[in-house]
Amino acid sequence: MVQVSSSSPGRFRQRSPRRFLLGGSASFAAATAAVAFVALSAVPAAASAGAPPPVRDEDRAGDHLTVTVRHAGGGRDGTYELYCHPRGGSHPDARGACRVLDRTTRWGRDTFAPVPDDSACTLQYGGPATARVTGTWAGRPVDAAYDRRDGCEIDRWNRLVPVLPDLGS
């Protein structure tokens, strides 16, 4: 820091950094450090590491899905309402369905994601059953279609049993 000497105009003298920090600007430096500390301590550890926060219970309040099943046979066709957190609705196994959804939900992964286009799937047919799941899950909108046209789609369906009816293998 360079300061003009009041005793000799036009002359400069070097001021030590320590004296500068301890002088009149010490309170400014202390205040700046305090603000930086408070700002950094307010950030959660997961956010500071660049990772998204986990799914929280308050994100789940009001989870509601409408499940429509067609061509499943055996009295399994229909449209069912499923509420989780708190659990309820007209779904025949709301407790089991909510438990499966809770178990398969992971931050950053879509529980209802379609089978990737480049998947190698077995050529087996699981029947004409179809399903559509719409609504909100873990604070995110859901609009997913299901069928049983090949091994990958059968596996995707089976991972959601009992949200979707168990049709066997």
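The lining of the largest pocket is made up of ten nonpolar, three polar and seven charged residues, in a structure that is a predicted model. The space in this largest pocket comes to about 280 Å³, and of the 20 residues that line it, those closest to its centre are Arg109, Asp110, Thr111, Trp137 and Arg140. Strand E7 gives the most to this lining, with six residues.

The second largest pocket has a volume of about 240 Å³. Its lining consists of Thr104, Arg106, Arg109, Asp110, Thr111, Ala113, Tyr146, Arg156, Arg159 and Leu160, which by class are three nonpolar, two polar and five charged residues. Arg109, Asp110 and Thr111, named above among the residues closest to the centre of the largest pocket, thus also appear in the lining of the second largest pocket.

Charged side chains also take part in pairings of their own. Side chains of opposite charge can pair when their charged atoms come close. The count for this model comes to five salt bridges, and three of the pairs are set out below with the distance between their closest N and O atoms.

| Acidic residue | Basic residue | Closest N and O atoms |
|---|---|---|
| Asp143 | Arg132 | 2.6 Å |
| Asp147 | Arg149 | 2.8 Å |
| Asp155 | Arg159 | 2.6 Å |

The salt bridge between Asp143 and Arg132 links distant parts of the chain, since Asp143 belongs to strand E7 (residues 140-147) and Arg132 to strand E6 (residues 130-137), with their positions eleven residues apart in the numbering. Asp143 counts as exposed, at 52% relative accessibility, whereas Arg132 is partly exposed, with a relative accessible area of 43%.

In the pair of Asp147 and Arg149, the two partners fall into opposite classes: Asp147 is buried because its relative accessible area of 18% lies under the 20% cut-off, while Arg149 is exposed because its value of 52% lies over 50%.

Asp155 and Arg159 both lie in helix H6 (residues 151-159), where they are four residues apart, about one turn of the helix. Both partners are partly exposed, Asp155 with a relative accessible area of 41% and Arg159 with one of 46%. Beyond such single pairs, Asp147, Arg149, Glu153 and Arg156 are joined into one network by salt bridges that share partners.

Some residues belong to both parts of this description. Arg159, the salt-bridge partner of Asp155, lines the second largest pocket, and Arg156, a member of the network, is likewise part of that lining.

Definitions and conventions:
Residues are numbered from 1 along each chain as its sequence is written. This is a predicted model: local features need pLDDT of at least 70, side-chain atom pairs count only at pLDDT 80 or more; totals for chains, interfaces and linings use all residues. Side-chain values use heavy atoms; hydrogens and water are left out. A salt bridge is a side-chain nitrogen of Lys or Arg within 4 Å of a carboxyl oxygen of Asp or Glu. Helices (H or I, at least four residues) and strands (E, at least two) are DSSP runs, numbered from the N terminus. Buried means under 20% relative accessible area, exposed over 50%, partly exposed in between (1.4 Å probe, protein chains only). On a 1 Å grid over the protein atoms alone, a cavity is a set of points where a 1.4 Å probe fits but cannot get out, and a pocket is an open set with protein on both sides within 12 Å along at least five of seven lines; lining residues have an atom within 4 Å of a point. Grid points are joined across faces, edges and corners, and a volume is the space filled by probe spheres set on the points. Ala, Val, Leu, Ile, Met, Phe, Trp, Tyr, Cys and Pro count as nonpolar, Asp, Glu, Lys and Arg as charged, and the others, Gly among them, as polar.
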